[in-house]
Amino acid sequence: MKVCYKKIINVLLYKIMLRFFKKGTYMYIDTHCHLNMLVDKQPNQILNPNDFLIIKQIIDSARKVDVKQLITIGTSTDESLNSINIAKKNHNVFCAVGLHPCDCGINWQKDFEKIKQMIQNKKENKIVAIGETGLDFFHMPFDKGRQIYALRSHIELSIEHQLPIIIHVRDAAKDLLRVLKDYKNKIKGVVHCFSQDLNFAKAILELKLFLGIGAIITYPKNDSLRTTINQIPIENILLETDSPFLPPQNLRGKQNLPEYIPIIAEKLAEIKNTSTSKIEKITTLNAQKLFKI
Ligand SMILES: [Zn+2]
């Protein structure tokens with residue numbers, strides 16, 4: 001009887017250890033990057049074989065600093081297709097497809113039909129989320145009504161396919177919350193590149209969405225953002241670079257890269273007065289839970 005107990009305990013311990021090593025320890029996930037934009041090409045141009053080689057090197061460099069999984073995010077039909085092709089060629093890369101609010105032109109509904117087609121083969125295309133979508137009332141000119149309509153369409157598609165949604169917001173926090181509240185308890189996802197105040201953060205957490213934190217937390221002027229983030233539980237945070245945009249402070253003026261995720265984690269650990277390994281472990285578990293990767 002004693003031996004039997006020992007055996008059961010050993011098997012259980014082994015299973016827990018396996019889970020521990022497989023899930024979330026000693027690895028980061030860059031939950032929002034645009035690998036397709038890290039090569040020298042015009043926007044909405046299809047990647048060529050040389051581009052894929054450059055992107056592979058970028059992915060390899062990230063892996064060397066424990067950024068072992070990446071989600072590359074589409075912003076238009078062509079860039080979504082590029083993202084799918086990058087994911088298909090690299091085993092540790094997944095993708096999201098969607099129309100960025102700044103890419104929603106007059107014919108956005110035609111484009112949206114193409115996005116829907118891509119999702120039909122979501123497994124084969126390694127699509128783990130829909131986006132990025134959202135609202136951007138900063139870049140001129142913009143059509144508020146069209147952006148809101150497109151955002152709602154993306155949200156409804158994400159609910160239909162039970163995929164998380166990746167949301168961009170700029171100068172449109174109030175309108176975004178108004179839309180999201182209509183889908184309370186139905187959506188899951190992340191508001192990426194968090195830069196707003198505590199009230200906005202609380203409203204997002206109430207909707208059970210995550211906040212994506214990037215290298216803007218390293219910028220000297222962002223004291224109030226750091227104070228806000230100090231009050232957000234790590235369990236609600238995902239790490240992201242948004243490469244090639246918004247590099248860490250000491251690399252400003254250069255291209256941002258997925259390999260800079262540890263810099264963001266270190267800064268977040270400093271803000272939250274905790275260890276970098278705790279940030280690494282919890283944010284990775286959060287991402288695995290949300291994107292099922
Ligand atoms: Zn982005």
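Tutor: Before we look at how helices pack, let us agree that two residues are in contact if their C-beta atoms, placed from the backbone, lie within 7 Å. Please also keep in mind that this is a predicted model.

Student: Which residues in helix 4 meet which residues in helix 5?

Tutor: On the side of helix 4 the residues are Trp-108, Phe-112, Lys-116 and Ile-119, and they meet Arg-146, Ala-150, Ser-153 and Leu-157 of helix 5.

Student: How should I describe the way in which helix 4 and helix 5 pack, and at what angle do they do so?

Tutor: In general, a pair of packed helices is described by two quantities, the angle between the axes and the distance between them. Here the angle between helix 4 and helix 5, which covers residues 144-160, is about 15°, and their axes are 12 Å apart. Since angles under 35 degrees count as roughly parallel, helix 4 and helix 5 are therefore roughly parallel to each other. The crossing in which helix 4 passes helix 5 is right-handed.

Student: At roughly what angle do the axes of helix 9 and helix 10 cross?

Tutor: The axes of helix 9 and helix 10 cross at roughly 115° and come within 8 Å. That angle makes helix 9 roughly perpendicular to helix 10. Helix 9 also passes helix 10 in a right-handed crossing, and the residues that meet are Ala-265, Glu-266, Leu-268 and Ala-269 from helix 9 with Thr-276, Ile-279 and Glu-280 from helix 10.

Student: Now I would like to look at one helix by itself; what should helix 3 span, and how far apart are its end C-alpha atoms?

Tutor: The idea is to compare an expected span with the one in the model: at 1.5 Å a residue, the 13 residues of helix 3, numbered 77-89, should span 18 Å, and the end C-alpha atoms are 19 Å apart, which agrees.

Student: Is helix 3 largely enclosed by the rest of the structure or not, and why?

Tutor: Of the 13 residues of helix 3, 10 are buried, so this helix is largely enclosed by the rest of the structure. The buried residues include Leu-81, Ile-84 and Ile-86, and also Glu-79, Asn-82 and Asn-85. Their cover includes helix 2 (49-64), strand 2 (67-73), strand 3 (93-97) and helix 4 (108-120).

Student: Which residues touch the most other members of the largest nonpolar core?

Tutor: The general idea is that nonpolar side chains tend to be buried together in soluble globular proteins. In this structure the largest nonpolar core has 70 residues, and those touching the most other members are Ile-71, Cys-95, Ala-96, Ala-129, Leu-211, Ile-213 and Ile-264. Take Ile-264 as a case: leaving out residues up to four places away in sequence, Ile-264 touches Ile-213, Gly-214, Ala-215, Ile-217 and Leu-239.

Student: Where are there cis peptide bonds, and what is omega there?

Tutor: One cis peptide bond joins Gly-131 and Glu-132, with omega about 15°, and another joins Met-140 and Pro-141, with omega about -10°. Glu-132 sits in strand 4, residues 127-136, whereas Pro-141 belongs to the loop between strand 4 and helix 5.

Student: Is Glu-132 buried or exposed?

Tutor: A residue with 20 or more other C-beta atoms within 10 Å of its own counts as buried, and Glu-132 is buried because it has 26. Apart from neighbours within four places in sequence, the contacts of Glu-132 include Ile-73, Ala-96, His-100, His-168 and His-192.

Student: Which residues have a positive phi although they are not glycine, and where do they lie?

Tutor: Asp-171 has a phi of about 55° and lies in the loop between strand 5 and helix 6, while Asn-273 has a phi near 50° and lies in the loop between helix 9 and helix 10. Asp-171 counts as exposed because it has 12 C-beta neighbours inside 10 Å, and Asn-273, with 7 other C-beta atoms within 10 Å, is exposed as well.

Student: Is Pro-164 buried or exposed?

Tutor: Pro-164, in the loop between helix 5 and strand 5, counts as buried because it has 22 C-beta neighbours inside 10 Å. Setting aside residues up to four places away in sequence, Pro-164 touches several others, including Ala-129, Ser-158, Val-190 and Phe-291.

Conventions. Residues are numbered from 1 along each chain as its sequence is written. This is a predicted model: local features need pLDDT of at least 70, side-chain atom pairs count only at pLDDT 80 or more; totals for chains, interfaces and linings use all residues. A nonpolar core is a set of buried Ala, Val, Leu, Ile, Met, Phe, Trp, Tyr and Cys residues joined through C-beta atoms within 7 Å. Helices (H or I, at least four residues) and strands (E, at least two) are DSSP runs, numbered from the N terminus. The expected span of a helix is 1.5 Å times one less than its number of residues. Axes are lines fitted to C-alpha atoms, for helices over the stretch in contact, and angles run from 0 to 180 degrees between N-to-C directions. Angles under 35 degrees count as roughly parallel, over 145 as roughly antiparallel, 65 to 115 as roughly perpendicular and the rest as oblique. A crossing is left-handed if the near helix is turned anticlockwise from the far one by less than a right angle, and right-handed if clockwise.
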